[in-house]
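Me: Could you take a close look at one part of this model for me, the place where the first two helices pack, and then tell me how it sits in the rest of the chain?

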Amino acid sequence: MDTSRTVYAVDAPNPASDVAGETAAALAAASMAFRSSDPGYSDTLLRNAAKAFQFADTYRGAYSDNANVRSGVCPYYCDFDGYQVINSLGIAFFPFRCNGL
């Protein structure tokens, strides 16, 4: 790959609901995969999935709308459908995994 691998951070002033929602979905799915083989790790994944989703829901905005990162992430990672679509992935996994968290 000949593209630079710049790292960008997301935080309250620079929200990225799309990225955080996808991360929450991935962590929740991984939690399901590890449930039987490593329940402790599975619980850790699920707790972090809940935190990522909370961030996505609290600090709404698309990663690609942030002027500080737009030139570096587009056209590779631009949110054209709206971050609400991506957050649906996170929401989809939680009924299956969140038992009291």
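Reply: Sure. Keep in mind that this is a predicted model. The protein chain has four helices and zero strands, so the pattern along the sequence reads simply α-α-α-α. The pair you asked about is helix 1, residues 17–34, and helix 2, residues 39–58.

Let's start with the geometry. Two packed helices are described by the angle between their axes and the distance between the axes. Here the axes of helix 1 and helix 2 come within 8 Å and cross at roughly 160°. Anything over 145 degrees counts as roughly antiparallel, and therefore helix 1 and helix 2 are roughly antiparallel to each other. The crossing of the two is left-handed.

Who does the touching? On the helix 1 side, the contact is made by Ser17, Ala20, Gly21, Thr23, Ala24, Leu27, Ala28, Ala30, Ser31 and Phe34. Helix 2 answers with Pro39, Tyr41, Ser42, Leu45, Leu46, Asn48, Ala49, Ala52, Phe53, Phe55 and Ala56.

Two of those helix 1 residues are worth zooming in on. Take Ala28, which is found in helix 1. Ala28 has 0% relative accessibility, and since buried means under 20%, Ala28 counts as buried. Across in helix 2, Leu46 is also part of the contact. Ala28 and Leu46 are 18 residues apart along the chain, yet their C-alpha atoms are separated by 5.4 Å.

Now look at Thr23, another residue of helix 1. Thr23 has a relative accessibility of 35%, so Thr23 counts as partly exposed, although Thr23 is listed in the contact with helix 2. The C-alpha atoms of Thr23 and Ala49 are separated by 7.1 Å, with their positions 26 residues apart along the chain. Ala49 is on the helix 2 list too.

There is also a salt bridge to look at here. The side chains of Arg35 and Asp43 meet at 2.5 Å, N to O. Arg35 is partly exposed, because its relative accessibility is 29%. Asp43 is partly exposed as well, at 31%. The count of salt bridges comes to two, and the other pair is Asp57 with Arg60, at 2.3 Å, N to O. In that pair, Asp57 is partly exposed with a relative accessible area of 32%, whereas Arg60 is exposed at 51%, the cut-off for exposed being over 50%.

Stepping back to the whole chain, buried residues make up 35% of the 101 residues, and Ala28 is one of the buried ones. The chain exposes about 6300 Å², and carbon and sulfur atoms supply 56% of that area. Of the contacts with a separation of 6 or more, 74% are between residues 24 or more positions apart.

One more long-distance pair sits outside the two helices you asked about. Val7 is found in the segment before helix 1, and at 74% relative accessibility Val7 counts as exposed. Val7 and Gly72 are 65 residues apart in sequence and 9.6 Å apart in space, C-alpha to C-alpha.

So, back to your part: helix 1 and helix 2 run roughly antiparallel, with Ala28 buried and Thr23 partly exposed.

Key:
Residues numbered from 1 in each chain as written. Predicted model: local features only at pLDDT ≥ 70, side-chain atom pairs only at ≥ 80, totals over all residues. Heavy atoms only, no water. Buried < 20%, exposed > 50% of the residue type's maximum accessible area, 1.4 Å probe, protein only. Contact = heavy atoms within 4.5 Å. Areas by Shrake-Rupley, 256 points an atom, 1.4 Å probe, with all protein chains shown as cover. Salt bridge = Lys/Arg side-chain N within 4 Å of Asp/Glu carboxyl O. Axes fitted to C-alpha atoms, helices over the stretch in contact; angles between N-to-C directions. Parallel < 35°, antiparallel > 145°, perpendicular 65-115°, else oblique. Left-handed = near helix turned anticlockwise from the far one by under 90°.
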